[in-house]
Amino acid sequence: MAIVNFGVTLCYLMAESSAITADGKEQNEEHREGGGETVSFKVVWKKQSYDVTFNPDEKASKLKEHLQTLTGIPPAMMKLMYKGLIKDDRTLKEQKVVNGCKMIAVGSTIDEVVEVQPPNPTELKQLMEESVAPKEALSEQKDHKKLIEKGKPDDILPGFKNRHEPLPPSLSGMINKYGTKVRLHFKMELEQLWLGTHERTEKIPLGSIRRVVSEAIKGHEEYHIMGVQLGPTEASLYWIYWVPAQYIEAIKEAVFGKWQFY
């Protein structure tokens, strides 16, 4: 059923892509020549740079439609970054987009999505077994519990439950399964997650991340245990402890966007 739904959605996005490409020139002229104020800025996607002039009173969702004519990325699969994640339902003016600024586009074209290799049957079977198997809370599992019982790191960032906040430039004060301090830095212009310790920094392509799982720590619900899956099975999960709860959704959105397949 999941494969059928993905196929239907993919067909919809391809139809949407064709429709917007056909009308893109006319829509762009309306934004440029419709009168009133305009703002000029650069949009960078991968190694391409685009000069864009747009009405600052338009919502970001309209800008995404225009950028699809340049990049081929469907709006539903596109993220725009400028001083954080650009919100679709707010205007460019509300999000402080000004002349001369640089915006980062992140996303994949339909052709690139079609080229993604599906997991082999063995991986698929294991993933299905993992999804249905009953599991105790992460913070109650032996290995996780042992680290949590050592207490919060001294330089931990404040955590807040039931709140969603945009990502700061970097997240620090967390630890990995070895008790080593960890920091996260999302380099959206490179489409990479930089995962650093005092010994080294791993530069992980966002497209290689299979899944991000998280769960509130019992008794400390303002913080989460978070796992970043880098391979086909749970054995490849990189565990991070004491992640402030208010950033969990922003982390997942930075990796997968609003269009999550997991």
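Leaving aside neighbours within four places in sequence, which residues is Met-226 in contact with? In this predicted model, the list runs to Leu-184, Val-212, Val-213, Ser-214, Tyr-238, Trp-239, Ile-240, Val-243, Ile-248 and Ile-251. Met-226 also belongs to the largest nonpolar core, where it is among the residues that touch the most other members. Here's a quick tour of that core, the helix that feeds it, and a four-stranded sheet.

**The largest core**

- This core has 26 residues, and Leu-184, Phe-186, Met-188, Ile-209 and Met-226 are the ones touching the most other members.
- At least two residues apiece come from S4, S5, S6, strand S7 (192–196), S10, S11 and H6.
- H6 chips in the largest share, with five residues.
- There's also a second, separate core of 21 residues, which includes Phe-41, Trp-45, Ile-73 and Leu-92.
- As a rule of thumb, nonpolar side chains in soluble globular proteins tend to be buried together.

**Helix H6**

- H6 covers residues 248–256 and is mostly tucked away, with eight of its nine residues buried.
- The buried set is Ile-248, Ala-250, Ile-251, Lys-252, Glu-253, Ala-254, Val-255 and Phe-256, so to speak a mix that takes in Lys-252 and Glu-253 as well.
- Those buried residues pack against a whole run of strands: S3, S5 (171–176), S6 (181–187), S9 (211–217), S10 (220–229) and S11 (237–244).
- Two H6 residues, Ile-248 and Ile-251, turn up among the contacts of Met-226 too.

**The four-stranded sheet**

- The strands line up as S2-S1-S4-S3 in an open sheet with mixed pairing.
- S2 (48–54) and S3 sit at the edges with a single partner strand each, so one side of each has no neighbour in the sheet.
- From one strand to the next, the twist averages 30°.
- Helix H2 (residues 60–71) packs on this sheet and touches S1, S2, S3 and S4, with its direction at about 140° to that of S2.

**Strand S4 and its partners**

- S4 spans residues 102–107, and five of its six residues are buried.
- S1 (residues 39–45) pairs with S4 in the parallel sense over four bridges, and Val-44 stands opposite Ile-104 of S4.
- S3 (residues 78–81) pairs with S4 too, but in the antiparallel sense, over four bridges.
- Along the S3 pairing, Lys-79 has Val-106 as its bridge partner in S4, while Met-78 stands opposite Gly-107.
- S4 also ties back to the largest core, as one of the strands that supply at least two of its residues.

Definitions and conventions
Residues are numbered from 1 along each chain as its sequence is written. This is a predicted model: local features need pLDDT of at least 70, side-chain atom pairs count only at pLDDT 80 or more; totals for chains, interfaces and linings use all residues. Side-chain values use heavy atoms; hydrogens and water are left out. Buried means under 20% relative accessible area, exposed over 50%, partly exposed in between (1.4 Å probe, protein chains only). Two strands pair if DSSP finds at least two bridges between them. Contact means heavy atoms within 4.5 Å. A nonpolar core is a set of buried Ala, Val, Leu, Ile, Met, Phe, Trp, Tyr and Cys residues joined through side-chain atoms within 4.5 Å. Axes are lines fitted to C-alpha atoms, for helices over the stretch in contact, and angles run from 0 to 180 degrees between N-to-C directions.
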